[in-house]
Each structure stands twice: as C-alpha cells, then as structure tokens.
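Q: Could you take me through a close look at a single part of this chain, and then explain how what surrounds that part is arranged? I am in my first year, so please go step by step.

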Amino acid sequence: MAPSRMPQAKAAQREKPRPEVPESELTTAPHQQPSLFLWGLALLTAIGIGTGTAAYLLPESKLLVLLSAAMAAVVGAVVLRGRIRAEARRLVLAARALPDWDTHAARTGWSSELADGAEELRSASERISKRLNRLQEDRLQLEALLDSMQDAVVAVDSGGRIQWTNRAMQGLVPDVYSRSAVRVGQALVHTVRDPEVLACMKAALESRTLCERKTTSLAPGRIFEVNASPMPGGGAVAVLHDITQVEQVERTQRDFVANVSHELRTPLTSISGYVETLLDNEQLSPIAREFLETILKNASRMSRLTEDLLSLARVESREAKMHVLPVRADMLVRDAVAAMRGLVHDEDAALEIGETTASEVMADQDAMLQVLGNLIENGIKYGSRLGSGPSRVIVSARTLDAPGSPIEFRVRDFGQGIASEHLERIFERFYRVDKARSRDSGGTGLGLAIAKRMVESQGGTIRAESELNSGSTFLVTLPSAESAS
C-alpha cells in the first residue's frame, strides 16, 4: 500500500529552491577578522603618511602631491568598500543558507562590527532547525495516525484539488494501472465519481458548514456515511465511515421485528375475538369476567404494540413511500382533530383548534394525520394533572418568520410536563418518562419514535418544549409549498 500523501504538493509550492551557496563563500578564518574601523583607520593613516612624505620630499610640486593624495584616497576607499561588500555578502549568503548554515563553523571569522549580527543569525538558524524538526515529527505522527484509521480520509483545497489522503482512501478508489487512483493535486471530481461525496464536499467548501450524507454507490455492496467539514485555512476534509455491517444488523433486526409482529397479528386477533365472544355471555361469574377482561386488555395492548412495530419497520426500511404534495395546513389540523373525536369523547377530554394558517405545506397527508394523531393521543393521555380533571389539548399551525417560510404545527397540553433530562430521549423507541403511568394508559412507547421518523422522511423536524407543571408542546416543522416551488 502506498504511504499516505500529506500536504506535500502545497509545501513544495511554498518552499522555493534556495540558491546554492558556494562552500568557499562561507568558510571562515580560524580567528576573529580585524575590525572594519581599524581597516579604515589604517588606510587613512597610510594616506596621511604618504602625503606628508611626498610634501616633504617634493616641496615645489604641491599639485602633484595633492593629486597623489587624492588617488591614494580613492584607492583606499575602493579597498575599504571591497572589504565591506565581502563581509555583507558573507552575511547575505549565510542568511540564504538558513537553516542549513553550519552554525558551529560560523562562530569565528567575522569583523567586530558584524560579529553580533552573525551570532544572532547563528541562534536563529538553530531555532529554525529545531522548529522544522518538530514540525517534521508532527507531520510524521499525523501521517501514522491517519494511516492507522479504518475510515477513509481525503482533504481538498478551496479549488477542490486533493491535498492529502490516507491509506484507507487510496485503497477505496483503486486504479487499474497503479496502486491508487488518488493523486495529490488532482481534482476530486476526477477521482471520486460518487454524487453524494461530491455534493457533501461541495457544501462544505461553498457554505462552510458541516455536511452529513449516506452513499451506497461509492463501492459495490458497501454503505458509507460521509461527513465533510470545512478547514480553518481553506478547503475541506471528508471522512468516509463504512457502516455496511451496521446497516445489515439493523436491517436484520427490522426484518425480524416485522416478521414476528406479522406472525403475532393473527393469534392476537383470534384471542381478542374469542374473549369478546365469551364476555357476551351474561352467565359468567364476576371472577371469570374479571379474568377475561384482563386477557382482553393485554391482548389489545399487544395488538397495538405489533401494529406500531410494523409501522416503525415500514418507515425505517423506507418501504412506505412518502407522497409529499402541497396541502393546506389548516385542513391537516381540522382533519386530525376530527379523527380524534372518538377518543376525546371516551376520555372526556377537551380538544381545541388554535391559530391556523391557510398556507400550503409540503407533506404526505396520511402520514401527517398519523403524526398529529399520535401527538394528540399523547396529549389526551398525559395532558392532565393527577386529580385535576380532564385533559385539554390545543392544535395549531402557523407560518414561521424564517428563510423559506416553513410551517410549524403545535400540539400543546396542560399536564404535568416533562423534565428537561427526558426531552432529548422521548423520541427513542420504548422510552417512557413515567413507565407505570404509560403501561396503565396502554401506551407502547413507539408513538413518538414513529412520528419522528415520519416527519424526517418528509424533510421536516420535530421537537418538544416542556416545563414541569406547565404542560408540554410538541412542534413539527415542515417546508412550505412556496419554498419547494
């Protein structure tokens, strides 16, 4: 397997090749070089002595003496300039050679004026070398960490070109002519043709938000969960988690539950029918009637449980296709309330219609009636405080002041409320806040789980708001027909 490809392409672009420094330029004398000031002073002294000697020997040729002095000064200036340029050139070449400059040999050979600068340059070279070594170690550790991951990882720059990958990603997209078709610098769209991966990466690059999707076409017979997130310095990184086995286990569980529930349907129906027939006999003793009523109650509860299990299995397996069409929100509210009139009469509860809107919402009408029915039933069963009289439930719908103008349905009760620690879990299967009260009311613990999956299948969200002793409100939000058009 080829090693992981870290940001080598980008680093290569940043690291321009340094000009080669001749070794002879950086070789230094074994002792400290004379000061440039002493060089200048020596030249001025030599010029002064020469000028004085010429004036003494040739008192009658003052012009010639002056010209000779000027020439000597020019020669001295050129020599001094050459010495300064040589020192400056050595300093420049030493800076260009960082951090590969021989810092141990650089301690000597500089004039006193440049010795401090050379020492600072030497210290900087050592610090840079240490930092580069640490960065190299960190990069190697990151490579090893990414290569040890079972999940495939790929990062792209702002232009969608691959920056680096790990071994799992390289093995996921093999090439016919090489070990891996994933090449640094190549556009991701030319390497990975899966639409879900590309769409998720595009969302992370353009909107700078997290994106989660599921794909089944990246590799034959495998299912991947794609998570893409933007990187702070630009670009994005995607992690592909293989959930094939998890999906297979969940599918097996769903099939098992569906099959068992289906097989239980017929005997439970038979039990309920026989018990109801026996109860019609007026000659039954009170004890026998009590036993039969208990049997009928539990058989009815088991029948509701099997029906809910079958409904949940259909929703989770996506066998039940959602026919999402524009429908008026106020009609959904009225139909849901009308469908629950029988339960309202039996429980002696109060079911009211609150604020509504005639705006159209994108929804599956049958599914939404079931969702609202589940929420209303819960409100009636648990919407009364102990010993405080019948339940009261209000159903309403309104248009939210948000992008796309989504429609929000609200089902509110005035019961005991739900503690905050339970709000995040009430949509889980078989989760009950008050287990004893739920069993007494005949609940199966699946109603909210079914409602959540149905709402999500229609592109909506569901949540709950509640305070103890202040009632609960369930809020279902669906996209409006205007936003979908």
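**Starting from one loop**

A: S405 sits in the loop that runs between strand β9 (392-399) and strand β10 (407-413). The model we are looking at is a predicted one, and every value below was computed from it. The backbone of S405 has a positive phi of about 50°, although S405 is not a glycine. With a relative accessible area of 28%, S405 falls between the cut-offs of 20% and 50%, and therefore counts as partly exposed.

R208 is another loop residue worth pausing at, and its loop lies between α7 (195-207) and β3. Its phi is near 55°, again a positive value in a residue other than glycine, and its relative accessible area is 38%, so R208 is partly exposed.

From this loop we can step into strand β3, which covers residues 211-215 and contains T215, as well as K214. These two residues make a useful pair for thinking about burial. Is T215 buried or exposed? The relative accessibility of T215 is 1%, which is under the 20% cut-off, so T215 counts as buried. K214, by contrast, has a relative accessibility of 42%, and therefore counts as partly exposed.

What does T215 touch, once residues up to four places away in sequence are set aside? The contacts of T215 are with D194, E196, V197, R222, I223, F224 and V226. In addition, the side chain of T215 reaches the backbone nitrogen of S217, at 3.4 Å.

K214 has its own set of contacts, and, with residues up to four places away in sequence again left out, they are E196, I223, F224, I243 and E247. One of these, E247, is joined to K214 by a polar contact of 2.9 Å between the two side chains. Another, I243, is 29 residues away from K214 in sequence, while the C-alpha atoms of K214 and I243 are 9.3 Å apart in space.

This leads us to the helices, since K214 touches E247 and helix α8 spans residues 244-279. The partner to follow here is helix α9, made of residues 286-316, and the axes of α8 and α9 come within 8 Å of each other and cross at roughly 155°. An angle over 145° counts as roughly antiparallel, and α8 and α9 are therefore described in that way. Their crossing is left-handed. Sorted by class, the residues in the contact of α8 with α9 are 16 nonpolar, six polar and seven charged.

Helix α9 also meets helix α15 (residues 447-457), where the two axes come within 10 Å and cross at roughly 25°. Because this angle is under 35°, α9 is roughly parallel to α15. The crossing of α9 and α15 is left-handed. On the α9 side, the residues that take part are D308, S311, L312, V315 and E316, and on the α15 side they are A449, I450, R453, M454 and S457. By class, this contact of α9 with α15 holds five nonpolar, two polar and three charged residues.

Two further residues in helices are good practice for reading burial. D330 belongs to helix α10, which covers residues 329-339. Its relative accessible area is 7%, so D330 is buried. The side chain of D330 makes a polar contact of 2.6 Å with the side chain of R328. Leaving aside residues up to four places away in sequence, D330 touches T356, T357 and A358. G171, in turn, is found in helix α6 (residues 167-172). It has a relative accessible area of 40% and so counts as partly exposed. G171 and A152 are separated by 19 residues in sequence, and their C-alpha atoms lie 8.7 Å apart.

To finish, we can set these details against the whole chain. How many helices and strands does the chain have? There are 16 helices and twelve strands. Of the 485 residues, 36% count as buried. Finally, if we take the contacts between residues at least 6 apart in sequence, 63% of them join residues at least 24 apart.

Key. Residues are numbered from 1 along each chain as its sequence is written. This is a predicted model: local features need pLDDT of at least 70, side-chain atom pairs count only at pLDDT 80 or more; totals for chains, interfaces and linings use all residues. Side-chain values use heavy atoms; hydrogens and water are left out. Axes are lines fitted to C-alpha atoms, for helices over the stretch in contact, and angles run from 0 to 180 degrees between N-to-C directions. Helices (H or I, at least four residues) and strands (E, at least two) are DSSP runs, numbered from the N terminus. Angles under 35 degrees count as roughly parallel, over 145 as roughly antiparallel, 65 to 115 as roughly perpendicular and the rest as oblique. A crossing is left-handed if the near helix is turned anticlockwise from the far one by less than a right angle, and right-handed if clockwise. Ala, Val, Leu, Ile, Met, Phe, Trp, Tyr, Cys and Pro count as nonpolar, Asp, Glu, Lys and Arg as charged, and the others, Gly among them, as polar. Buried means under 20% relative accessible area, exposed over 50%, partly exposed in between (1.4 Å probe, protein chains only). A polar contact is a pair of N or O atoms within 3.5 Å; within protein, one must be able to donate a hydrogen and the other to accept it, and residues adjacent in sequence count only if both atoms are side-chain atoms. Contact means heavy atoms within 4.5 Å.
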